[in-house]
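Please read the following account with the sequence and the model open side by side. It starts at the ligand and moves outward from there.

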Amino acid sequence: MSRLICVSNRISVPKRGAAPGGLAVGVLAALKQTGGLWFGWGGETVAGEPGEAQVLTRDKVSYATVDLQEDDFDAYYNGYANSTLWPLFHYLVARAFHYSDEQYDAYQRVNRLMAERLVPLLEEDDLIWVHDYHLIPLGQRLRELGVDRPIGFFLHIPFPHIEMLRVLPTYAELLQELTCYDVVGFQTEDDLRAFRSGVAHIWGEDALLPDGSVAVGGRHIRAGVFPIGVDVDGLQAAAEHGAASEAVKRLTHSLQGRKLVIGVDRLDYSKGLIERFTAYRRFLETHPGNVGHVTFMQIAPLSRGDVNAYVEIRSALEQASGSINGQFATADWTPIRYLNRNFPHAALMGYLRVAQVALVTPVRDGMNLVAKEFVVAQDPADPGVLILSPLAGAARELTGALQVNPYDTRGLAHAMQAALTMPLQERRRRYTSMMQVIRRNDITAWHRRFTEALAATAEPDPSATTDAAPASRTPSRASVRPSDVTPIR
Ligand code: ADQ
């Protein structure tokens, strides 16, 4: 059986306490089931040329960490990855987009370094699975270094339609890099369609094959939808256990019988937190019977604190929560509890279980695992209600949620009232329908479907185009012919 190699920007070596994030949760769950190697940045920067990867093995999983060069890190991570690609892919160009050639060059250098440090660790039968927008060029760099194994790429965040993507000066290179993989995976059909719009823009409609794959430069690339899921049984057990913990008991005791509305998100402008706070204020204003009877707890650990847009959103949220509390609080009630902290996952699941309502209202999100985690955490006999943005990938699957546009302040306020007063029978019906799809698309289904698709590319492909060179996976760079850019940079 092939060994699975997962590659991501940042890796979570056990005990070092990595920041939480959906990608880390998903990759670790996959590797714990199959065994294999997780390769990525270990969190250290160095002044000179970074050395070889350091490998540490725990149980079935090996963790290989590389250092990054100090001078490149900021431009690669805070710059091109998180101030260019992140806002662009979330359709938030006006809010936070910035482009610089220097940052793009650093992004390319880091990808080259990662490829060079990964190659010595590879074995003959490996399947290589690259994760997320930080590492889009990695596949092409590995091919240039002679790697001939199947290489797949999964994008955890949304993929923008070509009309948004081509705001990026380097969009043609980005599409070319994606077509160097054997499998390219997205969270939803919408993302896949958007990718196909980019392929058609550069290579023409003929490059789009009916089964969703694309044919570029004589190569056949499987492009598909692989919605990420959660470990249902593990999370259910954690939620039950967490709900009985001292921490959760202290929370419920402090609520004094009030209903709990909860939000759990990394502090990120894509998560719709400002809009959510505004809607909660509107809810208290327009449904005054709830004043003093509902508590909204928003957990939002800080992330990407070196990026300006994140400093701004943090300060805006502090201001908004302070102002709402100032307007409505009484001597014995605080309307918003706003916590910038990480919690052990079991505690978090316990908090989700005791909440009556969850607000998952991103203005754009690849999937959003918290939406699925909230549903799984519920007591089936008395489940809470999920209010979900239709702009989250999860909305495609969780049709049993109350779906409201995150910018619709009045609609969100109404939904909060409807959720808090929803009859038990309707809550159970919605919960049951959502659990069915969450179970079907759980974390095991996600990595099994992806790795099977990747392994299948190691077999001879009967549907490959006739001009394909069967012995080589190496794509031809000359195949990029965008209509409105010069491909040579
Ligand atoms: P994220 O943007 O990080 O992930 P999300 O999918 O919600 O968003 O995952 C966050 C994870 O971190 C969840 O498992 C959550 O429980 C955990 N978490 C959040 N706050 C926490 C806290 N305070 N303490 C402990 N744990 C916390 C990216 C994409 C998403 C996509 C995922 C997975 O942006 O759209 O769903 O990857 O592909």
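In this predicted model, the shell of residues around the ligand divides into 13 nonpolar, eight polar and five charged residues. The shell holds 26 residues, of which His156, Arg341, Asp365, Leu369 and Glu373 are the closest to the ligand. Three backbone positions can be followed individually: a backbone N or O atom of Arg341 lies 2.8 Å from a nitrogen atom of the ligand, a backbone N or O atom of Asn368 lies 2.9 Å from an oxygen atom of the ligand, and a polar backbone atom of Leu369 is 2.8 Å from an oxygen atom of the ligand. Taken alone the ligand would expose 710 Å², and the protein buries 96% of that area. As for secondary structure, helix 1 (22-34), helix 13 (345-354) and helix 14 (369-377) are the elements that each give two or more residues to the shell.

Where does the ligand lie with respect to domain 1 and domain 2? Residues of the shell come from both domain 1 (4-229 + 444-484) and domain 2 (241-440), so the ligand lies between them. These two domains are the ones given by the domain assignment of the protein, and their centres, taken over C-alpha atoms, are separated by 32 Å. The two domains also touch one another, with 26 residues of domain 1 in contact with 24 residues of domain 2.

Helix 14 deserves a closer look, since the shell draws on it. Nine of the nine residues of helix 14 are buried, so this helix is largely enclosed by the rest of the structure. Among these buried residues are Leu369 and Glu373, together with Val370, Phe374 and the charged residue Lys372. At the N-terminal end of helix 14, Asn368 acts as a cap, with a side-chain oxygen placed 3.0 Å from the backbone nitrogen of Val370. Asn368 thus appears in two settings, as the cap of helix 14 through its side chain and as a neighbour of a ligand oxygen through a backbone atom.

The backbone of Asn368 is also worth examining. Most residues other than glycine have a negative phi. Asn368, however, has a positive phi near 90° although it is not a glycine, and its place is in the loop between strand 13 (357-360) and helix 14. Is Asn368 buried or exposed? Because its relative accessible area is 7%, under the 20% limit, Asn368 counts as buried.

A positive phi is found at Asp132 as well, about 80° in a residue that is not a glycine. Asp132 sits in the loop between strand 5 (127-131) and helix 5 (138-144), and with a relative accessibility of 5% it is counted as buried.

Strand 5 is also a boundary of the loop that holds Glu123, which runs between helix 4 (101-118) and that strand. The relative accessibility of Glu123 is 49%, and because exposed residues must be over 50%, Glu123 counts as partly exposed. Leaving aside residues up to four places away in sequence, Glu123 touches Arg3 and Arg149. Between Glu123 and Gln256, which are 133 residues apart along the chain, the C-alpha atoms are separated by 59 Å.

Key: Residues numbered from 1 in each chain as written. Predicted model: local features only at pLDDT ≥ 70, side-chain atom pairs only at ≥ 80, totals over all residues. Heavy atoms only, no water. Near = heavy atom within 4 Å. Polar contact = N/O pair within 3.5 Å; in protein donor to acceptor, adjacent residues only side chain to side chain. Areas by Shrake-Rupley, 256 points an atom, 1.4 Å probe, with all protein chains shown as cover. Helix = DSSP H or I, 4+ residues; strand = E, 2+ residues; numbered from the N terminus. Domains from an automatic or database assignment. Buried < 20%, exposed > 50% of the residue type's maximum accessible area, 1.4 Å probe, protein only. Contact = heavy atoms within 4.5 Å.
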